[in-house]
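This report is meant for a reader who is meeting the structure for the first time. It is best read with the sequence and the model side by side.

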Amino acid sequence: MTRSPVLEISDLRTYFYSRAKQAFIRSVDGVSLSIARGETLGVVGESGSGKSVTALSALGLIGGSPGVITGAVEFAGGDGARAGGNGRRNLLQDLARHVTVTERDGRIVAVAKDEPGWQAQVERSMRGVRGKEIAMIFQNPKSSLNPFLTVGQQISEAIRLHTPVKDSREAKERAIAWLERVHMDSPRLRFDQYPDGLSGGMCQRAMIAMALASEPSLLIADEPTTGLDATIQSRIVALLAELKSGLGVTTLLITHDIRVVSRLADTVAVMYGGTVMEHGPARDVLAPSVEPKHPYTSALLASLPSAQKNGGPHAIDGRLSVIRGEVVDTMDVPRGCRFYARCDRVTDTIRARCMSQEPALAAVTAGHQIRCYLYGDEPRDGARAG
Ligand SMILES: Nc1ncnc2c1ncn2[C@@H]1O[C@H](COP(=O)(O)OP(=O)(O)OP(=O)(O)O)[C@@H](O)[C@H]1O
Ligand code: SF4
Ligand SMILES: [Mg+2]
C-alpha cells in the first residue's frame, strides 16, 4: 500500500525582481514533488538551483521584491492526517488572487501584487503550521537560536507553545529528555547555557532538539551539516540517521552534499535551474551505474571526489571539478531543455526537441520520473515551442 503524502507540492513558482538587472528571476519554476509519511526526501542540486527557496515558499516565508509564489502546497499534518489524510489543505490557498503575472513570449514582463492582502493570507494559512506542524533546522545553528535565552528556555518554550504540556516543570523535564535524545553531553548543564557558550555542533543538536520537541508532522532540514567541521558533520549525520530510524519523522532534507543524502534519504529530487529534473528512489537516483538517469544527475554524481578518484568523466587532476558550462540563467530561461547548453548526451534524433521545447517530468518506472527526451516524448505542459 502506498503511504499518503504529508507534503505534496505542485507547480510551485517563486519569482523575484532584480532591480539591478531589471528582470524577473524564476528562482523556483514549476517544482512538483511529494513526501510520503515517515519518508526522508533529499533535495540536491548545485548552488542557486532553488532548493532553499522551494522550502521557504512552502512555508510562505518569502518576502520582498516582489516574492511571488504560485502553485499548490498540500499539507496533511496533525489529527486529520492521522485519521487517514482528510486533514489535507493547500497552504497556498487563495494566494493567487492577490497576484497577477503577465508573461510575453515566455518572459515575465509585469507583476501586480497586493502585498498586504497576500501577507495576511499567508499568515492565516500558516497559523499553527510553521514551527509546530512543520519545523525547520538551518545551516548556522548559532545564528538561528535566540542569543538572549538559554537553550533550555528555548526548547521548553517550544514544548509549551506547541504540545499539550503547559506546566513549566514538566516542560523542563521534557526539554532535558530531548537534549539527552540528541546526545548533548551534560544535558542538565547545557539546559541553562546560552547559545554563545556552545560549539557549532552543540548548537545544531540544540536546534534539532527544539525542532523535534514541537512534535512536528514534517521536519525541513536545510543544509543541517554545512558550515560544521568534518568530524562534527559526520556526527550530526549519524544523529539524524538515528533519529530517523527511532522516530520516523517525515523529513525534507536539503543539501548540496550527496553523501549526506545517500546516507539519509529514501527518495531524492534533483533540482536544476529552479525545477526538478529527476525524482525517484534514492537507490536508483544516486547509484552512478544504475540507468535510467537524467544527464544532469549523472554529471552531478561524476563530480563527486570519489568518482574522480575512479577516473570519472569530469576528473581534473584529482581536484573537485564542476560540471562543465554555465548554470542556466533563471532570468532568461531557454525555450528548450534548461540543461541543453551543458548536456553531453543529446542525440541527433532528439536535438531539435531539446532545443525548442522543455521536456515533461515523465515516469520511467513507478515512482521514478525524469525530465529528458531520452526517456519520454512529451513536452512540458505549456512549454513554448521554439
Ligand atoms: N530574496 C531573494 N531575492 C532575489 N533573489 C533571490 C532571493 N532568494 C533567493 N534568490 C535567488 O534564487 C535562486 C535560488 O536560490 P536558493 O537559495 O533557493 O538556492 P539553493 O539551491 O538553496 O542554493 P545553495 O546551495 O547555495 O543554498 C538564486 O539565484 C538566488 O540568488
Ligand atoms: S532533454 Fe536533451 S538536452 Fe535535456 S537533458 Fe535530455 S538529452 Fe540533455
Ligand atoms: Mg540553499
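## The nonpolar core and the two domains

In this predicted model, the largest nonpolar core holds 94 residues, and of these Ala209, Leu252 and Val270 touch the most other members. Helix 8, which spans residues 200-213, provides the largest share of this core, with 10 residues. The core also draws at least three residues from each of domain 1 (5-133 + 256-370) and domain 2 (135-254). As a general background, nonpolar side chains tend to be buried together in soluble globular proteins.

Val270 can serve as an example from this core, and its neighbours within four places in sequence are left aside here: Val270 is in contact with Val44, Gly45, Val276, Met277, Glu278, Val285, His294, Tyr296, Thr297 and Leu300.

The domain assignment of the protein gives two parts, domain 1 (5-133 + 256-370) and domain 2 (135-254). Taken over C-alpha atoms, the centres of domain 1 and domain 2 are separated by 27 Å. The contact between them takes 25 residues from domain 1 and 19 residues from domain 2. On the side of domain 1 that touches domain 2, the elements giving two or more residues are strand 1, strand 3 (40-44), helix 1, helix 2 and helix 10 (258-264). By class, that side of domain 1 has 11 nonpolar, 7 polar and 7 charged residues.

## An open sheet of four strands

Which strands form the open sheet, and in what order? The sheet is formed by 4 strands in the order 2-1-4-5, and the pairing is antiparallel. Strand 2 and strand 5 are the edge strands, each of which pairs on one side only. The pairs of strands, with the number of bridges that join them, are listed below.

| Strand pair | Sense | Bridges |
|---|---|---|
| Strand 1 and strand 2 | antiparallel | 11 bridges |
| Strand 1 (residues 5-18) and strand 4 (residues 68-75) | antiparallel | 7 bridges |
| Strand 4 and strand 5 (residues 89-90) | antiparallel | 2 bridges |

A path across the sheet can be followed residue by residue. Leu7 stands opposite Ile35 in strand 2, while the bridge partner of Leu7 in strand 4 is Phe75. Phe75 in turn has Arg89 as its bridge partner in strand 5.

Beside this path lies another residue to consider, Arg88, which is placed in the loop between helix 2 (78-82) and strand 5. Arg88 has 16 other C-beta atoms within 10 Å and is therefore partly exposed. When residues up to four places away in sequence are not counted, Arg88 touches Glu74, Phe75 and Ala76. Although Arg88 and Leu7 are 81 residues apart along the chain, their C-alpha atoms are separated by 8.9 Å.

## Helix 1 and the shell around ligand 1

Why is helix 1 described as largely enclosed by the rest of the structure? The reason is that 8 of the 8 residues of helix 1 (residues 51-58) are buried, so the helix is largely enclosed by the rest of the structure. The buried residues of helix 1 are Lys51, Ser52, Val53, Thr54, Ala55, Leu56, Ser57 and Ala58. Just after helix 1, Gly60 takes a positive phi of about 65°.

Helix 1 also takes part in the surroundings of ligand 1, for it gives the most to the shell around that ligand, with 3 residues. Strand 2 (23-36) and helix 1 each supply at least two residues of this shell. Of the 14 residues around ligand 1, those that come nearest are Phe16, Ser27, Ser47, Ser52 and Val53. The residues of this shell divide into 3 nonpolar, 10 polar and 1 charged.

## The shell around ligand 2 and the loop at Val333

Around ligand 2 there are 13 residues, of which Cys337, Tyr340, Cys343, Cys354 and Cys372 come nearest. By class, the shell around ligand 2 divides into 12 nonpolar, no polar and 1 charged.

Val333 has its place in the loop between helix 13 (305-309) and helix 14 (351-356). With 18 C-beta neighbours inside 10 Å, Val333 counts as partly exposed. Leaving aside its neighbours within four places in sequence, Val333 is in contact with Arg26, Asp29, Gly273, Val328 and Arg338. The C-alpha atoms of Val333 and Gly274 are separated by 9.8 Å, and these two residues are 59 residues apart along the chain.

Definitions and conventions. Residues numbered from 1 in each chain as written. Chains lettered and ligands numbered in written order. Predicted model: local features only at pLDDT ≥ 70, side-chain atom pairs only at ≥ 80, totals over all residues. Buried ≥ 20, exposed ≤ 12 C-beta atoms within 10 Å, placed from the backbone. Near = placed C-beta within 6 Å. Nonpolar A, V, L, I, M, F, W, Y, C, P; charged D, E, K, R; others polar. Pairing = 2+ DSSP bridges. Contact = placed C-beta atoms within 7 Å. Core = buried A, V, L, I, M, F, W, Y, C linked by C-beta atoms within 7 Å. Domains from an automatic or database assignment.
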